[in-house]
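Have a look at the structure below and rotate it a little before reading on. We'll go through it piece by piece.

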Amino acid sequence: MKATWKIVVLTSALLTFASALLHTGSSVSAASAGQVTGTVKLDGTAPHQKGIDMSKDPSCAAAHKDKPVTMENVVAGANGGLANVVVYVSQGLAGNEIPSSQPVQLEQKGCQYFPHVVAVDVGQHMKILNSDQALHNIHPQSTKNAAWNKSQMPGGPPLDVTWANEEIPVPVKCNVHPWMQAYIVVVKGPYGVTDDSGSFKLDNLPPGTYTLTAWQETYGTQTQNVTVAAGKPTAVSFTFKAK
Amino acid sequence: MPGKAFAVVVVIVTLVIAYCVIAHVWWMPVDISVHGPNIDHQIEETIFGAGTLFIAGQLVLAAFSFLYGDSKGARKMKSFPGGAKPLIIFAGVVVGIEILVLSFVGSKAWGSVYFTPPDPDSVRVDVQAGQFAFYFRYPGPDGKFGPLHPELINEGTQNFFGLDTDHDADSKDDIITAELAIPVNKPVLLTLHSKDVGHSFDVRELRVQQDFVPGIVIPIHFTATQTGRFEIVCTQLCGLGHYNMKAYLEVISQADFDNWMKQQAAMQ
C-alpha cells in the first residue's frame, strides 16, 4: 500500500516537472518575438457595391436615414488600401506562439455587423453584442466547427463564443435581416486584419520562416514567404487585382 | 334558478357578439382594390348566413334552459327520432348543404380573382419569399425577367434571386427591391415563388392572400385604387422568424413610381 502511494507521488512530481520544462522551453516571450507589418493594396478601382434596402425592418432603416448603406464585399480606402483582409500564418507555425488573450468583438449595430470581417484565434474568446432595437439571430454557416444559430434580444447579454477548429472563412448571417453578412475567420496563431488604409500587423511571431496568406472575401487568397527576425518588424505587402 | 340565469347569460353574450359584428366594431381595414368589393360582399354574406344560424342556435339553447333547466323531478329523456345514426346523417346533410351553398355563392368572388386573365399590360413583379423576408424583382427596361439559378443564390452578395448577370442578358437590368412599389389604378401581376418553405403573401387592404408553394410559380393579379403604404405579411407559419417576415407595399402615382424605379435602379 505504501509503495503504491510513493509511485503515484513520484510520477506526478516528475510529470509536473516535465510539463513545466516543456512549457518554459517552448513559449516565446514577447520581447524575443518578431512582428510583421504591412499593407494590402487594391490594384484598380473597387467594383460597384450594391445599395442595401432595410425597409423591411423600420428600426433598421431609421438608423440609416441620412446615409444609405451599401454592401462591403470590397472596401477600398485611401491610397488604394484594401480593408477587411485577414493576414495569417498558413505554414511554418511551431505551435509555440503566444495565444491571443484579449477577446475579439463582433457587434450588431444599425442591422449591420461591425466589423464586417473579424479574425479570431482558435480558442480565443469572441464577444457578440446586439446594440440594436431589433432582435437578431447569429447564424454562422460553419462546416469545420459545430454549427449553431442563436437569437439575441435587443439589449440582451453578449454572447461569448470560441472556435475549436481553423476555418477560413465562416460566413455569418442573420435570418431576420437577410442583407446582414459578416465573416469570421478562424485561424491558428497570430493574425492581422487590414484597416481602411490597408495596413495590418501580426504580433508575437517567433523568429523563423513562414508562409503568410492574405484572405479577402471576394478576391480569395494570396500567399507569400517571409522570414521573421527577433525583435524587429518585417515589412510585407500584398496586392489584389480589382475584378 | 341556475337554468334561467344561464339562459340570460347566453342571450347577453349572443347580443354583444351580434352587436359587435353588425356594428362593425372590429372590422376589416378599408379596401383599396378593384376586386375587393366582391370579396367583402362574400364575407358579409357568409357572416350573415353563419350569424343567423349562430343567433338561432343560441336562442334555442337559451329557451330550452330557461323553460326546462330548473325543473325538478325525473323527466323522460327524448332522443332524436330513430336515435344517433339519423341525427348524424341529418347534421351532415345540413352542414353539407351550407358549405355547398357558400362555395357556390363564393365561386363568383373567387372566379373574379382567379379565373379572370391578367391585363396584358400589367406591371409585372416577381416575388420571392424566403425565411424570413420578401424580395421583389422588376424586369427593368427590357421588360424581361432573366432566368433563375437557385444554386447562385447568395445573400452575402445580395443575389437573393440567383441571377447570373454575367451570362444572362435578360438578368442584367433586372431590379431587385426589398419593397413592393406599384402605380395606383394600374393592373399588377405578381408571380409568387418560394426559395425554401411555404409562405404566404397577405395585404389585408388589398384583399389578397395567396400562399407560396415551394416548386410552383403562382400568379396573382390585382389593381390598387388608393395610394398609401401598407404592410405585406407572411400568414403561413414558416419558422422561428415568421413573426418578423414582412415587407411594405407602396401604392404611388405613376410619376412617383417612375422616380422610385430610377432610385432603385441606381441602388443595384
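What follows is a short walk through domains, the chain contact and one sheet.

Keep in mind that you're looking at a predicted model. Let's start with chain B, which splits into two domains. Domain 1 is made of residues 2-70 + 82-114, while domain 2 covers 123-267. Measure from C-alpha centre to C-alpha centre and domain 1 of chain B sits 37 Å from domain 2 of chain B. The two do touch: 10 residues of domain 1 of chain B are in contact with 10 residues of domain 2 of chain B. On the domain 1 side, that contact set has six nonpolar residues, three polar ones and one charged one.

Now for the contact between the chains. Chain B puts in 18 residues and chain A 14 residues. Which strand gives the largest share of chain B's side? That's strand β10 of chain B (residues 246-252), with three residues. By class, chain B's side comes out at eight polar, seven nonpolar and three charged residues.

Over in chain A, find the open sheet of five strands, which runs β7-β13-β12-β9-β10 with mixed pairing. Its edges are β7 (117-121) and β10 (150-152) of chain A, each paired on one side only. Ignoring direction, neighbouring strands in this sheet are turned by 25° against each other on average.

Zoom in on one pair inside it: β9 (residues 136-140) and β12 (residues 167-173) of chain A run antiparallel and are joined by two bridges. Here you can pick out A:P140, which stands opposite A:V172 in β12(A).

Technical notes
Residues are numbered from 1 along each chain as its sequence is written. Chains are lettered from A and ligands numbered from 1 in the order in which they are written. This is a predicted model: local features need pLDDT of at least 70, side-chain atom pairs count only at pLDDT 80 or more; totals for chains, interfaces and linings use all residues. Domain bounds come from an automatic or database domain assignment. Two residues are in contact if their C-beta atoms, placed from the backbone, lie within 7 Å. Ala, Val, Leu, Ile, Met, Phe, Trp, Tyr, Cys and Pro count as nonpolar, Asp, Glu, Lys and Arg as charged, and the others, Gly among them, as polar. Helices (H or I, at least four residues) and strands (E, at least two) are DSSP runs, numbered from the N terminus. Two strands pair if DSSP finds at least two bridges between them. Axes are lines fitted to C-alpha atoms, for helices over the stretch in contact, and angles run from 0 to 180 degrees between N-to-C directions.
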